[in-house]
Amino acid sequence: MDQGFARLPGAGYEALHPELKDTNPEDYPDINKLAILADVAPYSREYNTYRQKVGKEAKGNTELEIEYEKILDRVRQTRESVIRMND
């Protein structure tokens, strides 16, 4: 997987997001936690928890709302790209 190291919290993710350098992954901003979960676990309970939390935080914050919508759109595209089979 291309740049798979950057999909999970830690040094790889921080290399692409230098604003998080030396930040404990537990202390990442909620939007970053949502982005990571959207990429690696979009069907998880944690993803849905952060989706709701960040959705509330984004109200009235245009910049955060734009980033939030980008993440949701990526998840939508991923879900739509899955081949579905009839029972």
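How much space lies in the second largest pocket? In this predicted model, the second largest pocket holds about 170 Å³ of space. Its lining is made up of P9, P25, E26, Y28, K33, I36, L37 and Y50. Helix 2 gives the largest share of that lining, with three residues. Sorted by class, the lining of this second largest pocket comes out as six nonpolar and two charged residues, with no polar ones.

Then there is the largest pocket, with about 350 Å³ of space. Its lining takes in 17 residues, and those lying nearest the pocket centre are Y13, H17, N32, A35 and E67. Helix 1 (11-16), helix 2 (30-40) and helix 4 are the elements that each give two or more residues to this lining. As for chemistry, the lining of the largest pocket has eight nonpolar, three polar and six charged residues.

Stepping back to the fold, the protein has four helices and zero strands, so to speak an α-α-α-α pattern when read along the sequence. The C-alpha trace spans about 50 × 35 × 20 Å along its principal axes.

On to the helix packing. Two packed helices are described by the angle between their axes and the distance between the axes. For helix 3 (residues 45-58) and helix 4 (residues 62-81), the angle is about 150° and the axes are 9 Å apart. An angle over 145 degrees counts as roughly antiparallel, and that makes helix 3 roughly antiparallel to helix 4. The crossing of these two helices is left-handed. On the helix 3 side, the contact is made by Y47, R51, V54, G55, E57 and A58, and helix 4 answers with L64, E65, Y68, L72, V75 and R79. Seven of the residues in this contact are nonpolar, one is polar and four are charged.

Helix 2 and helix 3 cross at roughly 145°, and their axes come within 9 Å. Here too the crossing is left-handed, as helix 2 passes helix 3. From helix 2, the residues involved are D30, I31, K33, L34, L37 and A38, and they meet E46, Y47, Y50, R51, K53, V54 and E57 of helix 3. This contact splits into seven nonpolar and six charged residues, with no polar ones. Some names turn up again from the pockets: K33, L37 and Y50 belong to this contact and also line the second largest pocket.

That leaves the pairing of helix 2 with helix 4, where the angle is about 10° and the axes lie 10 Å apart. Angles under 35 degrees count as roughly parallel, and helix 2 and helix 4 are therefore roughly parallel to each other. In this contact, I31, L34, A35 and A38 of helix 2 meet L64, E67, Y68, I71, R74 and V75 of helix 4. By class, it has eight nonpolar and two charged residues, and no polar ones. A35 and E67, which take part in this contact, are also among the residues nearest the centre of the largest pocket.

Several residues serve in two of these helix contacts. On helix 2, I31, L34 and A38 meet helix 3 and also meet helix 4. On helix 3, Y47, R51, V54 and E57 take part in the contact with helix 4 and in the one with helix 2. On helix 4, L64, Y68 and V75 are in the contact with helix 3 and in the contact with helix 2.

Note on methods:
Residues are numbered from 1 along each chain as its sequence is written. This is a predicted model: local features need pLDDT of at least 70, side-chain atom pairs count only at pLDDT 80 or more; totals for chains, interfaces and linings use all residues. Side-chain values use heavy atoms; hydrogens and water are left out. Axes are lines fitted to C-alpha atoms, for helices over the stretch in contact, and angles run from 0 to 180 degrees between N-to-C directions. Angles under 35 degrees count as roughly parallel, over 145 as roughly antiparallel, 65 to 115 as roughly perpendicular and the rest as oblique. A crossing is left-handed if the near helix is turned anticlockwise from the far one by less than a right angle, and right-handed if clockwise. Contact means heavy atoms within 4.5 Å. Ala, Val, Leu, Ile, Met, Phe, Trp, Tyr, Cys and Pro count as nonpolar, Asp, Glu, Lys and Arg as charged, and the others, Gly among them, as polar. On a 1 Å grid over the protein atoms alone, a cavity is a set of points where a 1.4 Å probe fits but cannot get out, and a pocket is an open set with protein on both sides within 12 Å along at least five of seven lines; lining residues have an atom within 4 Å of a point. Grid points are joined across faces, edges and corners, and a volume is the space filled by probe spheres set on the points.
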